[in-house]
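Student: I'd like a close look at a single part of this protein, please, with each cut-off spelled out as you go. Pick the part you like and connect it to its surroundings.

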Amino acid sequence: MKYDLTSFFDGDEYAYKLEGEIYEVPALDSGHIIDPIKYNGKIYKVDGSSELHVDIQYKYEDECSRCLKPTTRVYNTVLSGKLMTNKGKYNDEDESEEIIFYEDGHLNLEEYIWSHVVSSLPMKTLCSNDCKGLCPNCGIDLNYQSCNCMGNTIDPRLEKLKELFPKK
Ligand SMILES: [Zn+2]
Ligand SMILES: [Zn+2]
């Protein structure tokens, strides 16, 4: 979705509404995003420049990193930054703020939302915070069954260590 901002920049309105759903989602190395990505936000005119603030919501499916069960969760993230045109003239004046570029009055918001979603993906997915995971020895799902490999009381610190050395 490309937004034509020319009449907003020329006009008197101080805010421009951005809202929609994106059905084309980026391919990922691990897991996948389930469409649509939803977004809702505004561009504001502030002191002669423009600021963008967009709330983003997406669904992400990945394997639980402990028990490998496919797990889908909803995540929220915020894309915000300063709108600027003309990449060439930009000279790192204010590095603390994200810069969002537009060209000839047109903003390709979808691209920014994609890259923001990809960079906000969780490092690991858990089906639940107290998922017991798989037994590192026999592979049984300890959420549903128990085994006698290590006795039934595994020191959680030991379990962590086992995760570092996956079985062959
Ligand atoms: Zn799990
Ligand atoms: Zn076992």
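Tutor: What follows is a walk around one helix and the sheet beside it. First, some bookkeeping: residues are numbered from 1 along each chain as its sequence is written, while chains are lettered from A and ligands numbered from 1 in the order in which they are written. This is a predicted model, in which local features need pLDDT of at least 70, side-chain atom pairs count only at pLDDT 80 or more, and totals for chains, interfaces and linings use all residues.

The protein has three helices and seven strands, which are DSSP runs numbered from the N terminus (helices: H or I, at least four residues; strands: E, at least two). Their order from the N terminus is β-α-β-β-β-β-β-β-α-α.

Our part is helix H2, residues 109–119, which lies across E2, E3, E4 (49–63), E5 (70–85) and E6 and runs at about 130° to E5. Such angles run from 0 to 180 degrees between N-to-C directions, with axes fitted to C-alpha atoms, for helices over the stretch in contact.

Now for the sheet itself. Its five strands form an open sheet in the order E2-E3-E4-E5-E6, with mixed pairing; two strands pair if DSSP finds at least two bridges between them. At the edges are E2 (15–22) and E6 (99–102), each pairing on one side only. Neighbouring strands of the sheet are turned by 25° against each other on average, direction ignored.

E2 and E3 (residues 32–46) are antiparallel over eight bridges, with Leu18 opposite Gly41 and Ile22 opposite Ile37. E3 and E4 are also antiparallel, over twelve bridges; Ile43 has Leu52 in E4 as its bridge partner. The hairpin of E3 and E4 has two residues between the strands, and Asp47 takes a positive phi near 45° there.

Which residues of H2 are buried? They are Leu109, Tyr112, Ile113, His116 and Val117, where buried means that 20 or more other C-beta atoms, placed from the backbone, lie within 10 Å of a residue's own (exposed: 12 or fewer; partly exposed: in between). These five cover an arc of only 130° around the axis, so they sit on the same side of H2; the arc is that of the directions from the helix axis to the C-beta atoms. On the face turned away from the buried side, H2 carries the exposed residues Ser115 and Ser119.

Ile113 deserves a closer look. Not counting residues up to four places away in sequence, Ile113 touches Ile22, Ile37, Tyr39, Ile56 and Leu79, with contact meaning C-beta atoms, placed from the backbone, within 7 Å. Ile113 is also one of three residues, with Ile37 and Ile56, that touch the most other members of the largest nonpolar core, which has 20 residues. A nonpolar core is a set of buried Ala, Val, Leu, Ile, Met, Phe, Trp, Tyr and Cys residues joined through C-beta atoms within 7 Å. At least two core residues come from each of E2, E3, E4, E6 and H2, and E4 gives the largest share, five.

To set this beside the whole chain, 16% of the 168 residues of the protein count as buried.

Definitions and conventions: Two residues are in contact if their C-beta atoms, placed from the backbone, lie within 7 Å.
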